[in-house]
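User: Hi, could you walk me through this fold? I would like short answers that I can check against the coordinates.

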Amino acid sequence: AVARGEFYGYYLGWAGPARRAYAAGLALELPSGYSRADCVVVCGMGGSGAAGDYLAALSAAYGGLPVYVVKSAEPPRWVRGCLVYAVSFSGNTRETLNCASRAYRLGGYVVAVTTGGRLAAWARRVGVPVAVVEEAPAPRAGWPQLFYTLLGSLKAAGLIQVPGGHVEESIQLLGERERAEAEARELAEWLQGSRGSLVVLAPEPYYPVAVRTRSELAENAKLTADAAQVPEAGHNMLEAWARSGDTRILLLDPGEEPWSTLLHQAAGLARPASLHVARLRGGSMLSRMVWGTWLAGLASVRYALDAGLDPEPVKTIKAFRRVVE
Ligand code: F6R
């Protein structure tokens with residue numbers, strides 16, 4: 001457990017772990033046979049699995065091997081020949097441990113990404129590489145080390161086509177603390193000041209940021225939200241939002257056409273009781289995703305602190321983890 005202010009301070013200092021993790025990912029040595037991989041699978045739950053969602057979206061947009069994300073104990077039947085990142089911050093998540101060992105038995109090229117725990121012990125026992133990531137006050141706060149380790153490793157293996165300049169810019173953006181804090185405060189105030197069911201809406205390529213925002217709000221702010229994307233939500237959810245009259249919408253706007261126009265048009269049709277636009281800053285898709293993720297972390301912690309809640313403990317998640325054991 002960490003002091004409340006320290007938890008916020010950790011999020012604020014994401015640039016450091018991001019930079020170190022990217023360098024470590026680039027330097028990670030994989031056995032030569034791993035270069036035969038023709039697909040990528042990421043096994044991970046919660047804050048750890050989130051890294052996989054981002055890489056799947058980035059590989060689709062920039063080019064690279066297809067990335068398939070598993071949020072259970074079961075790798076896909078076709079996992080043989082795939083590079084499999086088993087990502088667990090603690091190294092003790094049952095679903096991820098099972099996914100890793102099953103993928104290994106089925107012929108996947110497994111890499112463990114973790115701070116240690118049982119996952120690291122298993123990996124060393126069977127002889128698969130371990131990328132050891134830096135500690136953080138909670139798995140979800142360790143998003144930069146998980147995400148940038150995977151990104152660096154995929155880049156070094158030539159399996160994702162995100163330009164190095166975009167990676168550099170995204171890490172530099174994490175240095176803009178004042179602006180991030182101001183925007184996070186505005187978002188937290190809007191969350192405090194408005195009422196109604198909450199939807200986080202993003203354009204399709206940025207959907208992982210909406211999902212992460214939803215989860216950060218759940219874990220840090222103990223707030224319920226839905227995550228949705230356009231155009232898909234325009235084909236279903238819009239009907240209910242427009243009818244309810246008490247939907248509040250958080251728009252994640254990348255300031256990029258055609259997405260921004262579509263996003264605002266959909267939001268207008270939803271007739272929200274209240275709307276807040278969070279601009280995803282940055283000169284590339286990667287940077288905009290990183291900015292949105294940072295903002296979600298900071299705003300969710302800020303909201304909790306302002307509401308007198310301790311953002312760090314996740315008692316019910318811990319209870320669920322014991323059920324799964
Ligand atoms: C808690 C959190 C959770 C965990 C999840 C899996 O901060 O973010 O979503 O990430 O319970 O645990 P790990 O990441 O240790 O595999």
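Analyst: Happy to help! Helices (H or I, at least four residues) and strands (E, at least two) are DSSP runs, numbered from the N terminus. This is a predicted model, where local features need pLDDT of at least 70, side-chain atom pairs count only at pLDDT 80 or more, and totals for chains, interfaces and linings use all residues. Residues are numbered from 1 along each chain as its sequence is written.

User: How many helices and strands does the protein chain have?

Analyst: Going by those runs, the secondary structure of the protein chain comes to 13 helices and nine strands.

User: What is the radius of gyration of the protein chain, and why is the chain called as compact as a globular protein of that length?

Analyst: The radius is taken over C-alpha atoms, and the globule rule is 2.2 Å times the number of residues to the power 0.38. For 325 residues the rule gives 20 Å, and the chain comes close to that, so it is as compact as a globular protein of that length. The radius of gyration is 19 Å.

User: What is the strand order in the open sheet of five strands?

Analyst: Two strands pair if DSSP finds at least two bridges between them. The pairing in this open sheet is parallel. Its order is β2-β1-β3-β4-β5.

User: Which strands stand at the edges?

Analyst: Each edge strand has a single partner strand, so one side of each is left without a neighbour in the sheet. They are β2 (67-70) and β5 (130-132).

User: Which residue in β2 is the bridge partner of Val40?

Analyst: Strand β1 (residues 40-43) pairs with β2 in the parallel sense over four bridges. Within β2, the partner of Val40 is Val67.
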